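Reader: Hello! I am new to this structure and would like a close look at one part of it, the open sheet and what lies around it. Could you walk me through that part slowly?

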Amino acid sequence: MRLVIAQMKHETNTFSPVPTPLARFAHGAPAPLEGGAVREAFKGTGTAIGAFIELADQAGAEAVYPVAGNAAPSGPVETSAYESMAGRIVEAVARGCDAVLLDLHGAMVTQGHDDGEGELLGRIRKVAPDVPIGVALDMHTNLFPAMGTLATAIAGYQTYPHVDMYETGVRAARPILSLLKKQKRPQMAFGHRPMLPHVMRQSSLDAPNKGIQERARQMEREGALAATSFVGFPHADIPYAGSSAVVVTDGDAAKARALCDELLDMAWSAREQFVYRAEPLAASLRRARDLGGAGGPVVLLDHYDNCASGGTMDTMAVLGAILDAGLDGVAAFAVCDPQSVEQMKRAGVGARVTLPLGGKTEMPALRLKGRPREVTGNVRRIVNGLYRNEGPMARGELADMGAAAVLDTGKAEIAVISRHVEPHDIAAFRTLGIEPQNKRYVMLKSRVHWRAGLGPLARAVVECAGEGVCTSDYSQLQFRRVRRPVYPLDPETRPSV
Ligand SMILES: [Zn+2]
């Protein structure tokens, strides 16, 4: 048995000014991993491709690894990057294989294609019309019909924070391996509802998504091969942004259709609960001050500038407000500002520096200029920024914040980094010598994933509306291409009272 196993992951925020060249998929190397290096990097990790590798081993299969690339969310993928990765995958399939297992994101937009994943599957189908294709997807998939039509079996994460990447790989691969052994006949149904669930309301730890994901898992316990409800990624101005579902059964197309529709109806009827309303920043800071005290940190979420949703990770509105409010005992992760890191490196540990911190990136889609903030402090530490995730999210995977430094103002320890990394793992802080549990306040540029590794530390959470391309104020974003009408943008989609 010969398997082609590959990873090509990117969540595209079409409003983000952050470029997405091939190097972004390669964590600092010039090009993403290929061949035996993929196996070496991912075997034993809590990722979908890690699961593919283990299942291939168990099946005694010969596996080839044309590419493994995973870029932090940003603007549309550069055409040359897409062609390089997709080209390698299609070439490997064209050389002949019994099945293809793909670890994709599901919300990839390229400079040339709204549907990066569907385009890839279309190219694979041209060289291998009948080869079984199993696809693992992120819960933030924006599912175009091409993917649902061309894949043999799809499974998406059932958790947000995403702590079931490995399990999702198993759910995507098993139907394919069973098909090869002629034990199962995967039948897939997919569909959509015209709604854009807000990311701040998508966590599977809370209603309404909690109940929807529980129902999907129940469907699998009752015999479905894979049942997935996608919340979608709303910061993408493409026709199929938003809610969808896909269910795979063993040989029963009608059952797959009925279960898929049930998941879609659950999401649609809960659409009002997926709406998020932000409070003004000044009110958030007042609450934070009132909450401050002993017993563990208050988490301040700078959720408009989450790099794991395409944020530039360098807007200073929330951190500036924290400094202006004089909050004490603060740790902040992070301001992505390679220039400031360089300045701090040149000054050296212990030096006192004044920096124009952050605000280096313009955001034309929001008609916003970058606005640095002058900050003075001591350079507390300088590191190379490589660390291994402790988990539970992406456990064991190597993460890279690039060259990084800690700027200590006396009241706030600010992580300044060179590569986009969302703080979802305690190791991000420990690499910088910061123990967040000892702080009164922890500012995170994150929306939901922080809860994976840092949630248990938080005594309270204050969501802070700052500035950035993950804005909750949709009136700042010009949706031109998303299919209409769509909830909550259009009044006719609102539930009747
Ligand atoms: Zn996601």
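Author: Happy to; what follows starts with the sheet, goes on to the helices and the cavity, and ends with a few single residues.

A word on the ground rules. This is a predicted model, in which local features need pLDDT of at least 70 and side-chain atom pairs count only at pLDDT 80 or more, while totals for chains, interfaces and linings use all residues. Residues are numbered from 1 along each chain as its sequence is written, and side-chain values use heavy atoms, with hydrogens and water left out.

Let us begin with the sheet. Eight strands make it up, and following the order across you meet β12-β13-β16-β17-β11-β18-β10-β19. The sheet is open and its pairing is mixed. Here strands (E, at least two residues) and helices (H or I, at least four) are DSSP runs numbered from the N terminus, and two strands pair if DSSP finds at least two bridges between them. The edges are β12 (352–357) and β19 (460–464), each of which pairs on one side only. On average, neighbouring strands in this sheet are turned by 30° against each other, direction ignored; the axes behind such angles are lines fitted to C-alpha atoms, for helices over the stretch in contact, and angles run from 0 to 180 degrees between N-to-C directions.

At the β12 edge, you can follow the pairing in detail. Strand β13 (residues 373–383) runs antiparallel to β12, and six bridges join the two. In one of these strands, β13, Glu-374 is the bridge partner of Pro-356.

Now for the helices. Helix α11 (residues 338–347) lies across β11 (330–336), β12, β13, β16 (404–408) and β17 (412–417), and it runs at about 170° to β12. Helix α9 (residues 281–291) lies across β10 (298–302), β18 (441–444) and β19, running at about 160° to β19.

Next comes the cavity. A cavity is a set of points on a 1 Å grid over the protein atoms alone where a 1.4 Å probe fits but cannot get out, and its lining residues have an atom within 4 Å of a point. Grid points are joined across faces, edges and corners, and the volume is the space filled by probe spheres set on the points. One cavity of 30 Å³ or more is counted, and the largest cavity has a volume of about 30 Å³. Its lining consists of Val-299, Pro-436, Val-442, Leu-444, Leu-454 and Leu-457. That lining divides into six nonpolar, no polar and no charged residues, where Ala, Val, Leu, Ile, Met, Phe, Trp, Tyr, Cys and Pro count as nonpolar, Asp, Glu, Lys and Arg as charged, and the others, Gly among them, as polar.

Two loop residues deserve a look too. Met-313 is found in the loop between β10 and α10 (317–325); although not a glycine, Met-313 has a positive phi of about 60°. Ala-394, in the loop between β14 (386–388) and β15 (398–400), also has a positive phi, near 50°. Met-313 is buried, with a relative accessible area of 0%, and Ala-394 is buried at 7%; buried means under 20% relative accessible area with a 1.4 Å probe, protein chains only.

Finally, look at the segment after β19, where Pro-485 lies and where Pro-488 lies as well. The peptide bond from Arg-484 to Pro-485 is cis, with omega near -5°, and the bond from Tyr-487 to Pro-488 is cis with omega near 5°.

Key. On a 1 Å grid over the protein atoms alone, a cavity is a set of points where a 1.4 Å probe fits but cannot get out, and a pocket is an open set with protein on both sides within 12 Å along at least five of seven lines; lining residues have an atom within 4 Å of a point. Contact means heavy atoms within 4.5 Å. Buried means under 20% relative accessible area, exposed over 50%, partly exposed in between (1.4 Å probe, protein chains only).
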